[in-house]
Number of protein chains: 4
Amino acid sequence: MSSDNTINRIALITSGGDAPGMNAAIRAVVLAAENYGIEVIGFRHGYEGVLNNDFVRLDREDVEHIMQYSGTIIKSARSERFKSDEGGREAATNLDAHQIDAFIVIGGDGSFRGADHLAKFWNGPIIGVPGTIDNDLYGTDHTIGYDTAVETAMDALDKIRDTAEAMDRVFIVEVMGRNAGYIGISSAMACGAERMILPELQKDKPLTVEALVKHIESVQRVRGDSSYVMVLCENQWPGGAVRLAEQLEDRLNLPCRPCLLGHVQRGGRPTAMDRILATRLGVHAVELVRQNQTGVMAGVSANELSATPLSETWTKRKKLSEELINIQQSLFNPIKKNRQKSTQTDD
Amino acid sequence: MSSDNTINRIALITSGGDAPGMNAAIRAVVLAAENYGIEVIGFRHGYEGVLNNDFVRLDREDVEHIMQYSGTIIKSARSERFKSDEGGREAATNLDAHQIDAFIVIGGDGSFRGADHLAKFWNGPIIGVPGTIDNDLYGTDHTIGYDTAVETAMDALDKIRDTAEAMDRVFIVEVMGRNAGYIGISSAMACGAERMILPELQKDKPLTVEALVKHIESVQRVRGDSSYVMVLCENQWPGGAVRLAEQLEDRLNLPCRPCLLGHVQRGGRPTAMDRILATRLGVHAVELVRQNQTGVMAGVSANELSATPLSETWTKRKKLSEELINIQQSLFNPIKKNRQKSTQTDD
Amino acid sequence: MSSDNTINRIALITSGGDAPGMNAAIRAVVLAAENYGIEVIGFRHGYEGVLNNDFVRLDREDVEHIMQYSGTIIKSARSERFKSDEGGREAATNLDAHQIDAFIVIGGDGSFRGADHLAKFWNGPIIGVPGTIDNDLYGTDHTIGYDTAVETAMDALDKIRDTAEAMDRVFIVEVMGRNAGYIGISSAMACGAERMILPELQKDKPLTVEALVKHIESVQRVRGDSSYVMVLCENQWPGGAVRLAEQLEDRLNLPCRPCLLGHVQRGGRPTAMDRILATRLGVHAVELVRQNQTGVMAGVSANELSATPLSETWTKRKKLSEELINIQQSLFNPIKKNRQKSTQTDD
Amino acid sequence: MSSDNTINRIALITSGGDAPGMNAAIRAVVLAAENYGIEVIGFRHGYEGVLNNDFVRLDREDVEHIMQYSGTIIKSARSERFKSDEGGREAATNLDAHQIDAFIVIGGDGSFRGADHLAKFWNGPIIGVPGTIDNDLYGTDHTIGYDTAVETAMDALDKIRDTAEAMDRVFIVEVMGRNAGYIGISSAMACGAERMILPELQKDKPLTVEALVKHIESVQRVRGDSSYVMVLCENQWPGGAVRLAEQLEDRLNLPCRPCLLGHVQRGGRPTAMDRILATRLGVHAVELVRQNQTGVMAGVSANELSATPLSETWTKRKKLSEELINIQQSLFNPIKKNRQKSTQTDD
């Protein structure tokens, strides 16, 4: 970087799984940088692009109207090669060759570990911007892409409910979030799912087919014939929603149908909330660069802009809201009603 | 029914898998009937409701603003019991007990077979209205719900493309249509899918993993790194999209991800096209009743209202458009270009 | 064009008001042309681009994934300059300079009149592709963009109904279609609007404020308190929806609220139906070129591909469906019910 | 209310302009109350229903699957009658006659003033739940319905941008918020609008047609031909978007088109964020009742549940975020770039 700490050129990457709103963050970085007369270079395909010198100059006209699209105009990727010391050194060399004064990475915890790795070999300021649908980064209340992913899961659950209501059936919808139940609990609450299976809850007391069958039967008994919709986070059941549906259908005398949303949750027009968050954090990242901060993630905590050491984002644990778990699991449990009238049912 | 062929009361059911737009058809039947001073009785849960005398009087105020919702306000079901002679006789008895003059059933081929069965035991006019997302009924260009289902599949494919483009991956999206490839080919064409696996094409010359791997590799070679999206109709691959993704990932050196839309395709706000079609066919069904027609399905063929004997709707075969297959499979095949330049590649 | 009638290079423009699906048509032309080894040159901003030699070579990679976006990648415009003889001659000169063998224009009647004008000065084959949300071209059952525009109008009407129901109010939604009521009648039918004001109906017997007040009051009397939603085509009321709302509010003792959708109707993700139609017509246009046809519009009539002389597309009149008008205006009129019970009310 | 402070029966109303998510709040109140064995009575049409004894018992089955719909199942209204002392006294009498122990009102500042009025005549606990798209209530970071309204405005702006880009034109989109620019600034930021006209900014230094013309011309000069989209809050320009478009078109040599969203912004499927917020606040309101709190609004401030004296919600002023205004107005202003290069342009 330039000897006098002046920032003339920022390198920018999107890394790891893409998230809706990454383009809005790219735009914000470029527009804010331009405002201060700073150039932005985008390396394509994340750290791979830094290693391959695969880059593009990003100007206002390149980013003007990209906010409404998912994906990332500079593409994303995971890079094994970069994780080695040799990879880190090569990346640093390339950044210096391009006279890069600061490095901004938009991504999740894997991408931030990468930033940490880069810092061993390169000494310019490095800023992280939280872009992941999983919302599992400590140091920010929301990550870019999370709100859109919840909206997408909710949309599927609403549609499932339409047909579930018409036909009185059991449905299992598998959503993303193998390590964190944010998408799971939010979409379950937004759609009034009768049951949710989240990593946080599975850890302590994993559900069995028997317990699920019992709950379904209780709900049906309390309500009369009715629809039953379950939200299952990925990796929380061997064989996923497809297998669980088979197991339940074997035990119940009514059809059980799986739905596996998969990467549909990464696409779609970003919500206003994600675009605004991405805009704020992209601008914030440029401001942090200008303040000569390094090794931190730009975040929003309790509505205020924040900066959290990168390593804390994955070592500290953001907890699922107990308030929401309590509402969804105890307060609104459809068979609660029954339990109050007679205490025979145990769930 | 009344001895003088006057229609005073119509019975209405929705039967089989529900389809978006069924509510619009119910509304149209009720409003058109009311216009002629005819009462409408809705039996709930399809033929089950006829057997169980589970019914509701349907008036204008019940149906005024239900068009925007999927599902069916009189619920749907499949009935095993009704298929027996005893079931048919009981249904007929119940219809007579309610002084029903005509019977309208909204559903697919299974529901129309049921209507045929009913006709053995009951001699009032019976009219079918094609309500199924599969679009596989002979005698109508489109069935109610098909356009919405295609739109839903397209929405998922668009979202998958967003992330596929960002990450350069292979995706397999499993859509409905175990016997007919309408949703498959239309959603594939609407999204520019690189490959589609349809029942009609599988019949003659089933695809192998090897052929698929070869095609994927050719496409990637021609295009450079790129996204590859495949539309798979249900029941066309052992283990479905989940298994096929595993098989492809074993053979290719890049991630393959499945998506299983399932019953999401039955829900969602009906499209304008489905609502208008449902409205036209609901009105048409009432007009056919008033013309003392029976045993026919109300349809739209080449933009004109039509009436097709119920049995033809499942014995005659509506063919997938060869024009569309040709465009999607030959004309737009991404590796075609290469083939023209050199003839070495065989696909 | 080349002396031996071989087509080596096609010029393509999008002209007049843009319509969702134009990009899908561009893609289809390019992919189909490429399949036959034909180059495609896109002139930007319609006829303006031909006059300004503002063009771009269009290859597979340029059009691969543009179908999901509205607008047009080669932009559209109206051109006054081109309408003169001098303009026509200049355009012809430019086309020859680029060794253009055929000319395809995607647009509405104004664009086709332009094609007719061009034909006086240039003698290569000229093919029209119907791209306009208004659906008012003779020779094709649907135009590209129409289905999406109806969907957009329907979406607004559905949302208005939500709040209308909650608050019992009168709403007027102004939609596009100053000369043709297609968007008007289809969106009105899809949403069960209580009233529609279409150019076709206004021509014979224009509505007065008095007639509207009388109808609203009758509906409210018959139904008890209730929502009332009116679809107004643009240019059918002096001052539009804003003025009409004021006039009605002056006469009724309840709030009347206007909504003016405007160009929102030209945007949004094209529906599957529009993408498929655009794909078929783009391919069809290339096939017509290869058959040495000229001066015709590629269309779809009663599901079959058709070719209609360009001049007929605006001289002959495509009629609004009387079936739909009858359903919406007479059969489903909410106050009809009352009329049947007593014949005192005249509407 | 019962002498021993036990809560057995809660009265619930939705009041004032309806907002998406009100149904989710109704559901939450009913489910949380049921969990504690408390009955809920819904009065229909807001305070009008209390005066008219127009009510309905609300049970789990009434609210189970209403979250996905806008509007309010117990309808809303404004009531002039209730504002008098006589009205207040009558309402209190009716609440006592129904043995109501607590009163929950979902609405905006007008509804909370009503609650304050009621408190003069009735001494049970009264809790407000913030339901208004305007987001202008002090004491909660977000109001129920706001996020959905922003999403709806964004959707329209995205569509306008599609066509604006295709045709290079000026568009003015009028959104709700006559006293508060929340919807205005959020939708403007989410869509990258070139200009926004908000009540907060108009107050100090109202914009003139001349200033707008100058800005538009500067943007067009800097960018070359391009689209220009303006967000106008209602009531901030005499004659609204329609008149402003005429005025600009008179002065510029390019088309200017208005769009007036109106009550479309009150409808539509509530977003996940609104449903979750409504659920949390509905539950919170019941908890506040059980804690014998009164005269407060349930809110969420910096992610935490809060309770704010009702009178503060309209006397204290929630300020628009200066961070957002600064980003949108200064940092991202398209002509900023030019200004930096030469200082001649003043905006």
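According to UniProt, in an unreviewed entry, residues 9-289 of chain A carry the feature "domain: Phosphofructokinase". In this predicted model, the span of residues 9-289 of chain A is 47% helix and 16% strand, and its end C-alpha atoms lie 11 Å apart.

**Sheet in chain B**

Chain B contains an open sheet of seven strands with mixed pairing, in the order β3-β2-β1-β4-β5-β10-β11. From one strand to the next, the twist averages 30 degrees. Strands of a sheet pair through backbone hydrogen bonds, in either a parallel or an antiparallel manner. Strands β1 and β2 of chain B run parallel and are joined by four bridges. One residue pair in this contact can be named: Ile10(B) has Val40(B) in β2(B) as its bridge partner. The sheet is bounded by β3 and β11 of chain B, edge strands that each pair on one side only.

The residue ranges of four of these strands are listed below.

| Strand (chain B) | Residues | Place in the sheet |
|---|---|---|
| β1 | 9-14 | parallel to β2 |
| β2 | 39-43 | parallel to β1 |
| β3 | 55-58 | edge strand |
| β11 | 304-309 | edge strand |

**Relation of chains A and D**

Chain D is superposed on chain A by a rotation of 180 degrees with 0.0 Å of shift along the axis, at an RMSD of 0.0 Å. That is the relation of a two-fold axis. Within chain D, the C-alpha of Ala302(D) is the one nearest the axis, at 2.1 Å from it. Because 100% of the interface residues of chain D are also interface residues in chain A, the copies meet through the same surface.

Note on methods. Residues numbered from 1 in each chain as written. Chains lettered and ligands numbered in written order. Predicted model: local features only at pLDDT ≥ 70, side-chain atom pairs only at ≥ 80, totals over all residues. Heavy atoms only, no water. Pairing = 2+ DSSP bridges. Helix = DSSP H or I, 4+ residues; strand = E, 2+ residues; numbered from the N terminus. Axes fitted to C-alpha atoms, helices over the stretch in contact; angles between N-to-C directions. UniProt positions renumbered as here; feature names shortened; annotations may be inferred. Least-squares fit on C-alpha atoms with pLDDT ≥ 70 in both. Contact = heavy atoms within 4.5 Å.
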